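Visitor: I would like a close look at one part of this model. Please take it step by step.

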Amino acid sequence: MMKLVPIDIDGYTALGVEVLLPKTTLLAVTAGDGYIMCGALDVGLLNDKLKDRGILAGRAVGVKTLEQLLDAPLESVTHEAERAGIVPGMQGRAAVARMAAMSASRP
């Protein structure tokens, strides 16, 4: 089963995605041009093999719900996220708010 949930963060609407799979749940929250995701996200792959795409993303580990994903510190982020001021240790909610604000500020 898959669930899509609108999430208000600092006046922006992000989209939470929950995918129930056998023995695991994939979690992601996206806003603007980026997203944060559970431990299934391979930041190394995004930074190395897909670096030409400039993917703005962060990873939190040990989370089991969308709320936990938003409250958790990011364990790792892509190079593109670092350039945007999103760093490891930043709370997921703050990272998503920054992604949303960046997108909203563009003409």
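In the hairpin of β2 and β3, which residue takes a positive phi, and how many residues lie between the strands?

Guide: A caution before the answer: this is a predicted model. The residue is K23, with a positive phi near 70 degrees. Two residues lie between the strands of this hairpin.

Now the strands on either side of that turn. β2 and strand β3 (residues 24-31) pair in the antiparallel sense. Seven bridges hold the pairing. One of the bridge partners is easy to find: L21 is matched with T24 in β3.

Follow β2 back to its other neighbour. β1 and β2 also run antiparallel, joined by eight bridges. D8 has T13 of β2 as its bridge partner. These two strands form a hairpin as well, with two residues between them. In that turn, D10 has a positive phi of about 55 degrees. So that the two turns can be set side by side, recall K23 near 70 degrees in the hairpin of β2 and β3.

Side chains add a link between β1 and β2. K3 and E18 form a salt bridge, 3.7 Å from N to O. K3 sits in strand β1 (residues 2-9) and E18 in strand β2 (residues 12-21), so the pair ties together parts that are 15 residues apart in sequence. The two partners differ in cover. K3 is partly exposed, at a relative accessible area of 39%. E18 counts as buried, at 14% relative accessibility, because the cut-off for buried is under 20%.

The strands also carry a nonpolar surface patch to look at. M2, L4 and L15 make this patch, which covers about 290 Å². L15 belongs to strand β2. At 33% relative accessibility, L15 counts as partly exposed.

Next, what packs against these strands. The buried residues of α4 pack against β1, β2 and β3, and also against β4 (34-37), β5 (56-59) and α2. Those buried residues are G92, A95, V96, A97, M99 and A100. The helix has 13 residues. From its first C-alpha to its last it reaches 18 Å, close to the 18 Å expected at 1.5 Å a residue.

Helix α4 has a charged link too. R93 forms a salt bridge with D71, their closest N and O atoms being 3.0 Å apart. This pair links distant parts of the chain: D71 lies in helix α2 (residues 66-71) and R93 in helix α4 (residues 92-104), 22 residues apart. Both partners are partly exposed: D71 has a relative accessible area of 41%, and R93 has 25% relative accessibility.

One more pair stands apart from the hairpins. R83 and E80 meet in a salt bridge of 3.2 Å, N to O. Both lie in helix α3 (residues 79-83), three residues apart, about one turn of the helix. R83 counts as exposed, at 63% relative accessibility. E80 is partly exposed, with a relative accessible area of 30%. Elsewhere, salt bridges that share partners join E67, D71 and R93 into one network. The count of salt bridges comes to five.

Back to the starting point. K23 sits in the hairpin of β2 and β3, and β2 pairs with β1 through eight bridges and with β3 through seven.

Key:
Residues numbered from 1 in each chain as written. Predicted model: local features only at pLDDT ≥ 70, side-chain atom pairs only at ≥ 80, totals over all residues. Heavy atoms only, no water. Salt bridge = Lys/Arg side-chain N within 4 Å of Asp/Glu carboxyl O. Helix = DSSP H or I, 4+ residues; strand = E, 2+ residues; numbered from the N terminus. Buried < 20%, exposed > 50% of the residue type's maximum accessible area, 1.4 Å probe, protein only. Pairing = 2+ DSSP bridges. Patch = residues over 30% accessible without salt bridge, like charges linked within 9 Å, V, L, I, M, F, W, Y side chains within 5 Å. Areas by Shrake-Rupley, 256 points an atom, 1.4 Å probe, with all protein chains shown as cover. Expected span 1.5 Å × (residues − 1). Contact = heavy atoms within 4.5 Å.
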